[in-house]
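Student: I have a structure to read and some features to interpret. Can we take them one at a time?

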Amino acid sequence: MSVSLVSISSLSHIRITTTTTTTTTTTTNSSPYLFSFPSTSNPNCGCSNSIITSFFTRLRLPRRLCFNPHDGPQLFQQDGTASDGDDELLEEAQQQQLVEDKDETHGVVFRPWDVLGLGQAMVDFSGMVDDQFLVNLDLEKGTRKLVNHEVRGRVLRAMDGCTYKAAAGGSLSNTLVALARLASKGPSRPLNVAMAGSVGSDPLGGFYRAKLRRANVHFLSAPIKDGTTGTVIVLTTPDAQRTMLAYQGTSSTVNFDQCLAKIISNTKILVVEGYLFELPDTIKMIKQACEEACRSGSLVAVTASDVSCIERHYDEYWEIVGNYADIVFANSDEARALCDFASEESPVAAARYLSHFVSLVSVTDGPRGSYIGVKGEAVYIPPSPCVPVDTCGAGDAYASGVLYGILRGVSDLKGMGTLAARIAATVVGQQGTRLRVQDAVKLAEPFAFHFGSSTGNIQSDVGSDHISSF
């Protein structure tokens, strides 16, 4: 068995120092990138807490690092088109003003969750436009920015006559929906996937909750009375570049309370969406949630989400990453921003650098492939061939593959990355950010036998004849 490792001769970029001593653990594996999980795990329960703990105990660095990071519209536009019953869902929400599921918000929130996502709940309006459309509205292609109610209305009016879709969007929900769909078939039980966030008691809030519930992702937060659900307009040009306009609405109001604390304490992996860092009242909530996860033995994953957000909240990111995170998901630009690296630095260097402070780092680099960083090294995952249609959601899809692999007990990082990258390529080759159910089943099927194994000892060439390398 062999894996492709990318070595870096110098760690001169490291400007973070630790004050604790790491105890070296000797394993019987010849490679630090293949882990044999305990045979006592139950293959019918997906992946037990002991398996996940075993995986990350071998990788985890001491928490509490000591460092100086600086050194180193309210209603759906009826002129747009929707799919998958979106119009019917919205009509139902408009009639009821609220799609209420009391079992979710009061009865079953304390069940054991495999993954709980903490992030922005936003309804996406996504459509194809040409470059002139962006010029006419004075929008810079490929950027993401916050807009007010007036700007959102102006852009949607300009899209009158265009074909666009409404979806329960947000970067985190893309990942959670893909994860739930990957686990919907196979020998192991489906995964319990949930999200906490903030929606209003308006029709769009009901639409959002109904769409997630249909995708088997449970939205656990009660709607905010008289609140306005946030939206993101995603404009994709023929070159597959996306321009995003975010209207926050009530998405900036996410509170940490006893209910959320109890949910987190019954969760295997807490995923914190990086976009929350740009909201004025959520930094304290993120820290409290991560502290509760650490007390409960849950893993903490952080998505980098956006370069400009990292640059504006660099200290806050590093407070969470350095003290609480076990997993970090980032693209190459976001990884460089987290490392405070110059733009000419390679994503390999960023992946290796970050892996000194968290147990596992995922760094995607578009059509050039991706890297999974552990213990100061980087496992290279080659790109999966595809014809790009819409790059929006590629990183979200990749993250779902990594989480799926961890929860199913995958021990080979190369195999995990291969699956994650194939999922990303599938989403890039379609219009829209959601991994389709039929695609999820096909992608997960070649790995089902190995995920059901109680040992989790997967060879590096598993599925190589069925799944093209990413």
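Student: How many disulfides does the rule give here?

Tutor: A disulfide is a pair of cysteine sulfur atoms within 2.5 Å. By this rule the count is zero.

Student: Why does cysteine 294 not form a bond with cysteine 290?

Tutor: The sulfur of cysteine 294 has its closest cysteine sulfur in cysteine 290, and at 6.7 Å that is too far for a bond.

Student: What kind of model is this, and how was it filtered?

Tutor: This is a predicted model: local features need pLDDT of at least 70, side-chain atom pairs count only at pLDDT 80 or more, and totals for chains, interfaces and linings use all residues. Residues are numbered from 1 along each chain as its sequence is written, and side-chain values use heavy atoms, leaving out hydrogens and water.

Student: How do I read pLDDT?

Tutor: pLDDT is the predictor's confidence in each residue, from 0 to 100. For the protein chain the mean is 75, and 70% of the residues reach 70 or more. Over residues 62-88 pLDDT stays under 50. Residues 90-109 also stay under 50. Where pLDDT is low, the predicted coordinates should not be read in detail.

Student: Is cysteine 309 buried or exposed?

Tutor: Buried means under 20% relative accessible area, exposed over 50%, and partly exposed in between (1.4 Å probe, protein chains only). Cysteine 309 has 0% relative accessibility, so it counts as buried. Of the 470 residues of the protein chain, 57% are buried.

Student: What is the secondary structure of the protein chain?

Tutor: Helices (H or I, at least four residues) and strands (E, at least two) are DSSP runs, numbered from the N terminus. The protein chain has 16 helices and 15 strands.

Student: What span should helix α7 have?

Tutor: The expected span of a helix is 1.5 Å times one less than its number of residues. Helix α7 (residues 203-214) has twelve residues, so 16 Å is expected; its end C-alpha atoms are 16 Å apart, which agrees. Ten of the twelve are buried, so α7 is largely enclosed by the rest of the structure. Among the buried ones are Phe207, Tyr208 and Arg209. Asparagine 216 follows α7, with a positive phi near 65°.

Student: Where is threonine 303, and what does it touch?

Tutor: Threonine 303 lies in strand β11 (residues 299-303). At 13% relative accessibility, it counts as buried. Contact means heavy atoms within 4.5 Å. Not counting residues up to four places away in sequence, threonine 303 touches six residues' worth of neighbours listed as Val271, Val272, Glu273, Gly274, Tyr317 and Phe329.
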